[in-house]
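User: Please take a close look at the interior of this chain, starting from the strand that deserves to be read residue by residue. Then go on to its salt bridges and its enclosed spaces.

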Amino acid sequence: MERRTFFKNTLLGGAAVLANPLLGKADPLGFLTGNSPTSLMGNRFVTFCIMIRTSPWEVSRDVKLIKRDEGFAHTLEVVQRLRETFAKNVPGGRLTWGFTLNALEDKRQNYVDIRNYAAECQLKFGDEVSYFPGYFPAMYLPRHRVNQEMTEALQRITAMVGKGYRPKSVMGGFLSADNLAYLAEKENIHVAHAVIWSQHETDGGGADGSPSYPFYPSKEHFCKPAQGKSDFIDCVNLDGWSVDFLCALQSGNVWGTTPFNGAASRRGVGPIETYGDWGLEIGHLSVMHTQSIHFDRGFELNGFGWIPNIWEAALVKIAERKNWDDTLAYRALEKWTSATVQRWPDVKFVTFGEYGELWRNQYRDNSRWNYRFEERGLGIGNSWGNQEIKWYMNREFRLATLKNWHKNTPEMVVDFTRYDLPAKEPADPSPEKPVKDWSLMNRINQKGVRPQDTPVLLSDLKNDEKDMIARYYPGLFK
């Protein structure tokens, strides 16, 4: 079928891109040069993805947990308006398109148009066109099948975009260590959104225990940072969206005086959990608060800041939230992008693949990275205003302390995950026998779902554990 053209006066290749002073020049494979950021350190980044699917929860082409056809919600008008809303406030920004396998092969004209439009956006703006291997495929599909479908989808994307194009990342949701090794070794893709940080009992599954920022995963477990050459996978594991660290303390199966459900435990920059639950104005406070954790104090502590975010195109037409209407997604997207650029004028909106490669250039393994985050709650929902949480994440462990800063109570350890301990992923699942919890819980887990997760003082940890922590953060024991 003949490809339709959706841009007026579109000039493919460098001429179109050079019209935008923030983009620089694109080669036929979509690699950017010129004014693109060349260093991770000293920069603030947003990676933004628009997800294209055919049903609300499709794991694969023939595994759909909610069998509702969303074809009516996926139109060229919807995705064009989302892209144009994004560009209005971020004229030089690049985003990532994540297509499920069904969305890549659906023959209906609306999906044909969307695929052609995304391909043109890649050529004109430098967007990344990538694959989304379904919702949590590791829970429902054996590893070899996930690998097989990734190869098939990548081939479809190359044919769709043309000129030998290959994405630099895969938008994976949950991907096992085997899947990540397959991407690196067989597909030569070294960046994947393959974890949702602090996910436990949300959407029926879990993968708590990983760092919230990029890391090279271990062959033992995709949530665990590689400890050395023997267990190293050369595929950077990226988060999908940033979560308020205090909201993340809740497990998705807990209810209380505020709605501690799956959405509330993932409160942060996600549009469903913020704008959908609380409306445009209050929800926006949560989004900006979460970004400030990374772009203000986090930038000082880590030398760079990063916010990942994913919006499903279907949210324009479908959202089971009382505050949602057919225009909210556009209004929220415009409010978020404009406020982000206004507050942090140096912020760079880049693709997931581009950001991952910048990170890889800075860190060749996990030996040197050391993330720190500090948050005082927003005071809305379960981001309690009297609580202060501090996170420490490195190759050997992740550690979180919590205190009531109004009353200056002692800091209590609410998470201590040791990565030097052995880890093992579950055996292959199947649609008939899914394996839903892939969490990496060992010493103390922030969700507090086990008796051993009771918060303790730092001084109450074992001596060898205090020594381990002191090697990185001696000031914690003064």
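Analyst: What follows starts with one strand and its partners, then takes a second sheet, the salt bridges and the cavities.

The model is predicted, so local features need pLDDT of at least 70 and side-chain atom pairs count only at pLDDT 80 or more, while totals for chains, interfaces and linings use all residues. Residues are numbered from 1 along each chain as its sequence is written, and side-chain values use heavy atoms, with hydrogens and water left out.

Strand β1 covers residues 44-52, and nine of its nine residues are buried (buried is under 20% relative accessible area, exposed over 50%, partly exposed in between, with a 1.4 Å probe and protein chains only). Strands here are DSSP runs of E with at least two residues, helices are runs of H or I with at least four, and both are numbered from the N terminus. From β1, the residues R44, V46, F48, I50 and I52 point one way. F45, T47, C49 and M51 point the other way, and the residues of both sets are buried.

β1 has several parallel partners to describe (two strands pair if DSSP finds at least two bridges between them). Strand β11, residues 305-312, runs parallel to β1 and is joined to it by eight bridges; there, G305 is the bridge partner of R44. Strand β4, residues 96-99, pairs with β1 in the parallel sense over four bridges, and T96 of β4 stands opposite C49. With strand β12, residues 348-350, the parallel pairing of β1 runs over three bridges, where V46 has F349 as its partner.

A second sheet has another pattern of pairing. It is open, holds five strands in the order β13-β14-β15-β16-β17, and is antiparallel. β13 (370-376) and β17 (456-457) are at its edges, each with a single partner strand, so one side of each has no neighbour in the sheet. At the β13 edge, seven bridges join β13 to the antiparallel strand β14, residues 387-394, and W391 of β14 is the bridge partner of F373.

Over the whole structure, the search finds 41 salt bridges (a side-chain nitrogen of Lys or Arg within 4 Å of a carboxyl oxygen of Asp or Glu). One of them involves strand β16: E465 and R418 have their closest N and O atoms 3.2 Å apart. This pair links distant parts of the chain, 47 residues apart, with E465 in helix α12 (residues 463-472) and R418 in β16 (residues 412-418). Both partners are covered: E465 is buried at 0% relative accessible area, and R418 is buried at 10%. Salt bridges that share partners join R418, D420, R443, D464 and E465 into one network.

R360 and D234 form another salt bridge, with the closest N and O atoms 2.9 Å apart. R360 lies in helix α11 (residues 352-362), D234 in the loop between β9 (205-206) and β10 (236-239), and the two are 126 residues apart. R360 counts as buried because its relative accessibility is 12%, whereas D234, at 25%, counts as partly exposed.

A local case is R297 with E300, whose side chains meet at 3.0 Å, N to O. Both lie in helix α9 (residues 272-302), three residues apart, about one turn of the helix. R297 is partly exposed at 34%, and E300 is exposed at 58%.

The enclosed spaces come last. Two cavities of 30 Å³ or more are found. On a 1 Å grid over the protein atoms alone, a cavity is a set of points where a 1.4 Å probe fits but cannot get out, and lining residues have an atom within 4 Å of a point. Points are joined across faces, edges and corners, and the volume is the space filled by probe spheres set on them.

The largest cavity holds about 70 Å³, and its lining includes W197, Y213, D239, H294 and W306. That lining divides into six nonpolar, three polar and one charged residue (Ala, Val, Leu, Ile, Met, Phe, Trp, Tyr, Cys and Pro are nonpolar, Asp, Glu, Lys and Arg charged, the others, Gly among them, polar).

The second largest cavity has a volume of about 40 Å³, and among its lining residues are E58, R61, N102, Y131 and E149. β2 (57-60) and α3 (101-105) each supply at least two of the lining residues, and β2 gives the largest share, three residues. By class, this lining has five nonpolar, four polar and three charged residues.

Terms used. 1 Å grid on protein atoms, 1.4 Å probe; cavity = no way out; pocket = protein on both sides within 12 Å on 5 of 7 lines; lining within 4 Å.
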